[in-house]
Amino acid sequence: MSTEMSAAAARRTAVAAQGFTDPRPTGVPSRRHLLRVLSRTQLIQLDSVNVAVRAHYMPLFSRLGAYPMSLIDDAAWSHSVRRPRLLVEKWAHEASLIPMDDWPLLHLTKRQGWWKHYREVVERSPGLVQDVLDMVKERGPIGAGTLERELVGDVKREKGTWWDRSDVKHICEYLFGIGELTTGARRSFERLYDLTERVVPPEVLTRKVAPDEGARQLVERSARALGVATEPELRDYYRLAPDVNRQAILDLVDAGILEAVTVTGWSRKAYKHIDARTPRRISGRALLCPFDPLIWERDRTERIFDFRYRIEIYVPEAKREFGYYVFPFLLDGNLVGRVDLKADRAAGVLRVPGAFAESGVDTARVVTELAAELKDMATWLGLSGVAVGTRGTLAPTLKKLTR
């Protein structure tokens with residue numbers, strides 16, 4: 001028998017699990033605050049789009065407010081005896097930053113990943129695999145472009161006489177997917193590959209975790225991050241294989257770590273982490289990038305918040321409904337609006353081509369809180385102000401409030 005839970009309670013549980021009920025720091029956020037966010041989200045997704053701000057920087061701003069971006073840079077891509085790396089790049093939900101100690105869980109547990117599509121290249125060009133590894137060993141950290149030039153040259157060779165330049169990139173991605181390579185450093189966001197053994201400490205790299213135990217630990221982390229979730233949602237967080245995920249859930253229910261719940265309006269059975277809190281009310285505001293873990297699973301977002309959200313980057317401009325790179329706006333635990341954002345660094349302003357309210361919300365309060373959060377974001381990005389366009393129900397008032 002499962003416990004019954006209202007849809008509103010499930011929503012508050014999910015928002016709290018992601019850290020949006022934690023108070024923002026009053027001073028400059030430190031590594032301690034980064035670790036607190038990671039204890040909620042478990043990982044930070046990477047993405048190359050830089051229209052407003054790189055995706056991996058935004059979740060911390062959403063939860064902490066203004067913080068030095070070097071906090072993530074130092075934790076992920078620099079190392080010293082006094083300040084060892086806290087994070088490492090690994091295929092998790094997508095390419096992500098994960099806590100260093102989680103490496104063995106992700107490396108040894110059966111998961112689903114895109115790298116399997118490049119196995120044909122590996123089988124066709126085993127010599128290239130070894131050449132890539134040898135070059136990285138000799139020259140790393142090194143980018144895929146440099147590897148291509150060194151191993152293939154600038155002139156494309158006739159097909160069939162040797163490997164293609166794109167083969168080098170595919171081999172790099174394959175070796176990253178299986179954990180032979182990871183990111184040693186970043187240069188203007190370009191991934192510089194290095195041997196995993198030179199990035200992950202020996203005591204972490206050699207730690208063995210049985211696959212079933214690894215799966216249980218990953219599902220426990222997923223449940224902790226989501227608060228309450230269905231089986232596919234728990235599976236999606238780390239892209240686990242379906243059979244592995246289902247068995248891990250059964251084990252965690254038997255162990256009393258997960259509780260089966262029936263959420264009003266949800267068609268699937270759900271599972272709540274035993275430590276998940278369900279606050280009576282939630283206050284506060286946050287802009288969410290498209291790759292924030294609170295909203296990255298679009299069906300879940302629509303079910304929990306009654307908020308249909310899609311990225312329209314690849315939609316022709318004339319057919320876009322809300323804009324090119326849209327951030328949902330979270331206010332008091334609800335998604336109440338969305339804004340199309342672009343950091344115009346040349347002009348020194350945060351551009352808002354469109355700002356839209358959801359139906360039934362208190363637009364006066366929404367626009368006031370949104371204006372304040374946009375000003376804070378602009379300041380954090382080192383921009384001098386906010387420039388609001390004409391699209392959307394909130395645009396006229398938002399323009400007045402951000403002058």
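## Pockets, cores and odd angles

Colleague: How do the residues of the lining of the largest pocket divide into nonpolar, polar and charged?

Modeller: Ala, Val, Leu, Ile, Met, Phe, Trp, Tyr, Cys and Pro count as nonpolar, Asp, Glu, Lys and Arg as charged, and the others, Gly among them, as polar. Sorted like that, the lining comes to 12 nonpolar, 4 polar and 10 charged.

Colleague: Ground rules, then. This is a predicted model, where local features need pLDDT of at least 70, side-chain atom pairs count only at pLDDT 80 or more, and totals for chains, interfaces and linings use all residues. Residues are numbered from 1 along each chain as its sequence is written, and side-chain values use heavy atoms, leaving out hydrogens and water. So what volume does the largest pocket have?

Modeller: On a 1 Å grid over the protein atoms alone, a pocket is an open set of points where a 1.4 Å probe fits, with protein on both sides within 12 Å along at least five of seven lines; lining residues have an atom within 4 Å of a point. Grid points are joined across faces, edges and corners, and a volume is the space filled by probe spheres set on the points. For the largest pocket that gives about 550 Å³.

Colleague: Which residues lining the largest pocket are closest to its centre?

Modeller: The lining has 26 residues to pick from. Right by the centre, the closest ones are Leu46, Asp47, Glu94, Ala95 and Arg191.

Colleague: How much space lies in the second largest pocket, and which element gives the largest share of its lining?

Modeller: The space is about 310 Å³. Of its 21 lining residues, the closest to the centre are Arg85, Leu86, Pro99, Met100 and Asp101. Helices (H or I, at least four residues) and strands (E, at least two) are DSSP runs, numbered from the N terminus. Two of them, H2 and helix H10 (202–205), give two or more residues to this lining, and the largest share, 3 residues, comes from H2.

Colleague: Now the inside. Which helix gives the most to the largest nonpolar core?

Modeller: A nonpolar core is a set of buried Ala, Val, Leu, Ile, Met, Phe, Trp, Tyr and Cys residues joined through side-chain atoms within 4.5 Å. In this one, of 55 residues, Phe327 and Met377 touch the most other members. The most, 8 residues, comes from helix H15 (residues 363–380), so the name you want is H15.

Colleague: What does methionine 377 touch?

Modeller: Contact means heavy atoms within 4.5 Å. Leaving aside residues up to four places away in sequence, the list is Ala52, Val53, Met58, Phe61, Leu287, Phe327, Leu341 and Leu350.

Colleague: Is glutamine 42 buried or exposed?

Modeller: Glutamine 42 is found in the loop between helix H2 (31–41) and strand E2 (44–45). Its phi is near 75°, a positive value in a residue other than glycine. Buried means under 20% relative accessible area, exposed over 50%, partly exposed in between (1.4 Å probe, protein chains only). Because its relative accessibility is 9%, glutamine 42 counts as buried.

Colleague: And what is phi for phenylalanine 189?

Modeller: Phenylalanine 189 sits in the loop between strand E6 (181–187) and strand E7 (190–195), and is buried, at 17% relative accessible area. Most residues other than glycine have a negative phi. Phenylalanine 189, though not a glycine, has a positive phi of about 75°.

Colleague: Last one: what kind of peptide bond joins glycine 140 and proline 141?

Modeller: Proline 141 is in the loop between helix H7 (126–139) and strand E5 (142–143). Most peptide bonds are trans. Here omega is about 0°, and the bond is cis.
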